[in-house]
Amino acid sequence: MGTLTVPLPSIPDSGLHIDATISEEELRPEGVYPLGIISLRITGLLAPMDGEFLFRGLLTGVFAHPCDRCLERVEWPFSTSATWLFEKGPPVAPLGDNAASSEDTVLDDDAPGVIRYQGSVLDLAGPVWEELVLAAPFRILC
């Protein structure tokens, strides 16, 4: 299992502390354009809560891109907080032909911050990637 894949039985009643340093290559979905992240750290607490699981944490790292004005490399540090509620239930109907498997963790567009999952494993990679995409700067200037 990956660094951000958490088996439900491993989460104690007091919560599970997450502290992971991961590369963008390990996290980026297949076929998706790179964000240019040169370092990424995920910290937080994943705690059980009445049959659901709540993650509260922080994503910190550095984007590296050419300056949009002079094309010199610019490193842009970021820090973004994340709060996700993992709720057991059927995956949200996927678009297209890619059906979700029984172990998938799927973001629920109807309830922002709520992530539907099935099976006995939580995968934090999808929510982390979404937060990174939202944190990416539109334009970087030196």
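Which residues does threonine 80 touch, not counting residues up to four places away in sequence? In this predicted model, threonine 80 touches Gly57, Leu58, Leu59, Glu131 and Ala135 when those sequence neighbours are set aside. Threonine 80 has its place in strand E5, and with a relative accessibility of 18% it counts as buried, because buried means under 20%. The points below turn to confidence, the nonpolar core and the aromatic pairs.

**Confidence**

- The chain has a mean pLDDT of 85, and 82% of its residues reach 70 or more.
- Residues 95-103 have a pLDDT below 50, although this stretch has twelve contacts in the model beyond near neighbours in sequence.
- Where pLDDT is low, the predicted coordinates should not be read in detail.

**The largest nonpolar core**

- The largest nonpolar core has 28 residues, and those with the most contacts inside it are Leu40, Ile42, Leu46, Trp84, Phe86, Val128 and Leu132.
- Two or more residues of this core come from each of the following elements: strand E2 (16-21), strand E3 (37-49), E4, E5, E7 and helix H2 (125-135).
- Leucine 46, which is among the core residues with the most contacts, is in contact with Val6, Ile11, Gly15, Leu16, Ile18, Phe53, Leu54, Phe55, Phe86 and Leu122, once its neighbours within four places in sequence are left aside.

**Aromatic pairs**

- Searching the whole structure gives three aromatic pairs, including the two described here.
- In one of them, the ring centres of phenylalanine 53 and tyrosine 117 are 6.4 Å apart and the planes stand at 65°, so the pair is classed as edge-to-face, the cut-off for that class being over 60 degrees.
- This pair links distant parts of the chain, since phenylalanine 53 belongs to strand E4 (residues 52-66) and tyrosine 117 to strand E7 (residues 114-117), 64 residues apart.
- Both partners count as buried, with phenylalanine 53 at 10% relative accessibility and tyrosine 117 at 2%.
- Phenylalanine 63 and phenylalanine 78 also form an aromatic pair, which is tilted, with 4.6 Å from centre to centre and 35° between the planes.
- Because phenylalanine 63 lies in strand E4 and phenylalanine 78 in strand E5 (residues 73-88), this tilted pair ties together parts that are 15 residues apart in sequence.
- Phenylalanine 63 counts as buried at 0% relative accessibility, and phenylalanine 78 is likewise buried, with a relative accessible area of 9%.

Terms used. Residues numbered from 1 in each chain as written. Predicted model: local features only at pLDDT ≥ 70, side-chain atom pairs only at ≥ 80, totals over all residues. Heavy atoms only, no water. Phe/Tyr/Trp six-rings, centres within 6.5 Å; stacked < 30°, edge-to-face > 60°. Helix = DSSP H or I, 4+ residues; strand = E, 2+ residues; numbered from the N terminus. Buried < 20%, exposed > 50% of the residue type's maximum accessible area, 1.4 Å probe, protein only. Contact = heavy atoms within 4.5 Å. pLDDT = per-residue confidence, 0-100. Core = buried A, V, L, I, M, F, W, Y, C linked by side-chain atoms within 4.5 Å.
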